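The following exercises concern strand order, ring pairs and side-chain contacts. Each task is followed by a worked solution.

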Amino acid sequence: PATGTGFTGSEKALQSRLNKTRSGGTVALARSALVSLTAPLVVPKGVTLTTEGNPGPRRYAEMGRLVRSASYPRPASLDALVHVEPGAKLGHVWVDGTRDTPGNTAPLEDVITYGGSGTALSGDRFDNAQGPNTVYLFGSFDGYACPAERVTGNLITAYASDHYQSGDWTDGIADNCEKATISHNSVIDSSDVAIVVYRDTA
């Protein structure tokens, strides 16, 4: 059960709170809160989404958890459970793509970031992505300038991915951001590569 004074509620209420938070502000989930998603959750520009008390990956059961619902519609193109806009931060949150749940067959990343300066993923757990990547960092090639982004101290697992059938693999981190710092992440059982650097990335 959720504990503490952080957010507990529906995805609609969480998105509304994030949208009303000014740049530089923070929305904290209650410890062990669970929010079921039927559409992408967007962390707006300059806003931080975290869990109360900042539990790290070794205490991931205490993190607020964002989970793909079995009723999540099939995306028309590359998409993710959580969209992190330029300058936004996602920290100490568990994002679960529930790949091993019956019915969740449509490709879907756990997180996509949209470039920017100060954008960060830190101390999170990401797992069970249905898409080809667990985390995807957009950059200039995708139309999002990425002068400074950090992906540090996260736990990424892909136990549920298909390790044998081509086309059903799931990588850990796909980097299109030309100025990303990716460090001290634990990527476990990805079916192809842990970190892949794409295109015009420097």
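**Exercise 1. Describe the sheet that contains S3 and S18, from its strand order to a single bridge.**

Step 1. Six strands, in the order S3-S6-S9-S12-S15-S18, make up an open sheet with parallel pairing. Strands are DSSP runs (E, at least two residues) and helices likewise (H or I, at least four), numbered from the N terminus; two strands pair if DSSP finds at least two bridges between them.

Step 2. At the edges stand strand S3 (41-43) and strand S18 (195-197); each has a single partner strand, so one side of each is left without a neighbour in the sheet.

Step 3. From one strand to the next, the twist averages 15 degrees. Axes are lines fitted to C-alpha atoms, for helices over the stretch in contact, and angles run from 0 to 180 degrees between N-to-C directions.

Step 4. Three bridges pair S3 with strand S6 (residues 80-84) in the parallel sense. Val82 in S6 is the bridge partner of Leu41.

The model is predicted: local features need pLDDT of at least 70 and side-chain atom pairs count only at pLDDT 80 or more, whereas totals for chains, interfaces and linings use all residues. Residues are numbered from 1 along each chain as its sequence is written, and side-chain values use heavy atoms, with hydrogens and water left out.

**Exercise 2. Characterise the sheet that contains S1 and S16, and place helix H1 against S1 and S4.**

Step 1. This open sheet has six parallel-paired strands in the order S1-S4-S7-S10-S13-S16.

Step 2. Strand S1 (26-29) and strand S16 (180-183) are its edge strands, each pairing on one side only. On average, neighbouring strands are turned by 15 degrees against each other, direction ignored.

Step 3. S13 and S16 run parallel and are joined by four bridges; Thr152 stands opposite Ser183 in S16.

Step 4. Helix H1 (residues 11-20) lies across S1 and S4, at about 155 degrees to S1.

**Exercise 3. Which residues surround Glu52, and is Glu52 buried or exposed?**

Step 1. Glu52 belongs to the loop between strand S4 (48-51) and strand S5 (64-68).

Step 2. Its relative accessible area is 19%, so Glu52 is buried (under 20%; exposed is over 50% and partly exposed in between, with a 1.4 Å probe and protein chains only).

Step 3. Apart from neighbours within four places in sequence, Glu52 is in contact (heavy atoms within 4.5 Å) with Thr3, Gly4, Thr5, Gly6, Ala28, Leu29, Ala30 and Arg31.

Step 4. The side chains of Glu52 and Thr5 are joined by a polar contact of 2.7 Å. Such a contact is a pair of N or O atoms within 3.5 Å; within protein, one must be able to donate a hydrogen and the other to accept it, and residues adjacent in sequence count only if both atoms are side-chain atoms. A polar atom of the Glu52 side chain also lies 3.5 Å from the backbone nitrogen of Gly6.

**Exercise 4. How many aromatic pairs does the whole structure hold, and how is Tyr144 paired?**

Step 1. The search finds six aromatic pairs. Rings of Phe, Tyr and Trp (its six-membered ring) pair if their centres lie within 6.5 Å; planes under 30 degrees apart are stacked, over 60 edge-to-face and the rest tilted.

Step 2. Tyr114 and Tyr144 are edge-to-face, 5.0 Å centre to centre with 80 degrees between the planes. Because Tyr114 lies in the loop between strand S9 (109-113) and strand S10 (117-122) and Tyr144 in that between strand S12 (133-137) and strand S13 (148-152), the pair ties together parts 30 residues apart in sequence.

Step 3. Phe138 and Tyr144 are stacked, at 5.7 Å and 20 degrees.
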